[in-house]
Amino acid sequence: MDERNVAVVAGGSGGIGEGVVHALIKAGYRVYVPTRPGDHSERLKAYVGHAADLVTIPADLCDEQAVVAMRDAVVAAEGHVDAVVVSVGADYYGYRLHRMPRTDLDRSIHDNLITHFNIQRSFIDQLRKQDHGTYVTLIGPEAESILVDAGMMSIMAAAQKMMSRVMASEASDSPIRVHALTAHTTVKTRSRGSSSNDDWITAEELGEYVTRLIEGQISGSQEALHELRGLAQVRKALGR
Ligand SMILES: NC(=O)c1ccc[n+]([C@@H]2O[C@H](COP(=O)([O-])OP(=O)(O)OC[C@H]3O[C@@H](n4cnc5c(N)ncnc54)[C@H](OP(=O)(O)O)[C@@H]3O)[C@@H](O)[C@H]2O)c1
């Protein structure tokens, strides 16, 4: 086993996650990404273009045992995990809360909360055992705004943010750092294409911010909450 920096990016196959994966690989990390069946892992591999530094592992993040097995596989291969980034969730649109079908509620809770719960349960435990590591959750702007007909997105984002805050407080008796990073603009991803606004934070620059945060090179690196209000703020933090 070599002593490469190792990161796990849950949701690394998504539009935002791929920017994080790319930035971490550029910074010299070996990056593990849990993937579900589908073509997203091929899309990620084609985008990143550094096959040796990207390892995809099949894992359903709703399944706690699958997440444990994924963590154990990373630890068996590398001996340690330096950073965990969580960029997992699914959009929801369709119903006011009082008309929302129960099946939609359950799906949303599975995609946006059970996944996050399972990941932190396995990986915070690992980071604590090592006495080392950083855990970052990426949160959307809905955490602080109310979306009508898509209220589950607001509720789930707010819950993810509070989960991170609880984790950060609970980690204060250890050397590990836990961060909730909220991007308050829509994030410009490849999948959103050209329909974007100049102030939107790009997935690549968000990835660089996350990488520098993990490395302790961002102002306020010890603070749990990072609120990114626009691209200019991100670029300033990156020294551009
Ligand atoms: N300002 C913003 O727009 C902003 C900022 C920060 C964070 N966020 C939040 O960050 C998350 C990712 O956003 P995105 O735009 O990258 O979305 P995306 O492209 O849809 O990616 C979502 C990721 O989550 C994974 N995922 C969803 N449900 C899952 C499940 N049940 N089990 C396993 N994996 C699951 C997806 O896996 P597959 O590839 O297999 O589908 C994918 O990797 C969302 O929760 C979003 O709200 C948004």
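Two residues are taken to be in contact if their C-beta atoms, placed from the backbone, lie within 7 Å. The model shown in these views is predicted.

**View A. Helix α3 lies across strands β1, β2 and β3.** In this close-up, α3 lies across β1 (6-10), β2 (30-35) and β3, and runs at about 160 degrees to β1. On the same topic of helices against the sheet, α5 (residues 151-170) touches β5 and β6, and its direction makes about 155 degrees with that of β6.

**View B. Seven strands make an open sheet.** The 7 strands follow the order β3-β2-β1-β4-β5-β6-β9, with parallel pairing. The edge strands, β3 (54-58) and β9 (225-228), each pair on one side only, and the twist from one strand to the next averages 20 degrees. Within the sheet, β5 and β6 (residues 177-183) are joined in the parallel sense over 6 bridges, where T134 has R177 in β6 as its bridge partner.

**View C. Helices α3 and α4 pack together.** The axes of α3 (residues 64-78) and α4 are 9 Å apart and make an angle of about 30 degrees; because angles under 35 degrees count as roughly parallel, the two helices are therefore roughly parallel to each other. E64, V67, V68, R71 and V75 in α3 meet N118, I119, R121, S122, F123 and Q126 in α4, a contact made up of 5 nonpolar, 3 polar and 3 charged residues.

**View D. The ligand is surrounded by a shell of 28 residues.** G14, I16, G89, G140 and A183 come nearest to the ligand, while the elements giving two or more residues to the shell are α4 (102-130) and β5 (134-139). Helix α4 gives the most, with 3 residues, and the shell divides into 10 nonpolar, 15 polar and 3 charged residues.

Key:
Residues numbered from 1 in each chain as written. Predicted model: local features only at pLDDT ≥ 70, side-chain atom pairs only at ≥ 80, totals over all residues. Near = placed C-beta within 6 Å. Helix = DSSP H or I, 4+ residues; strand = E, 2+ residues; numbered from the N terminus. Nonpolar A, V, L, I, M, F, W, Y, C, P; charged D, E, K, R; others polar. Axes fitted to C-alpha atoms, helices over the stretch in contact; angles between N-to-C directions. Parallel < 35°, antiparallel > 145°, perpendicular 65-115°, else oblique. Pairing = 2+ DSSP bridges.
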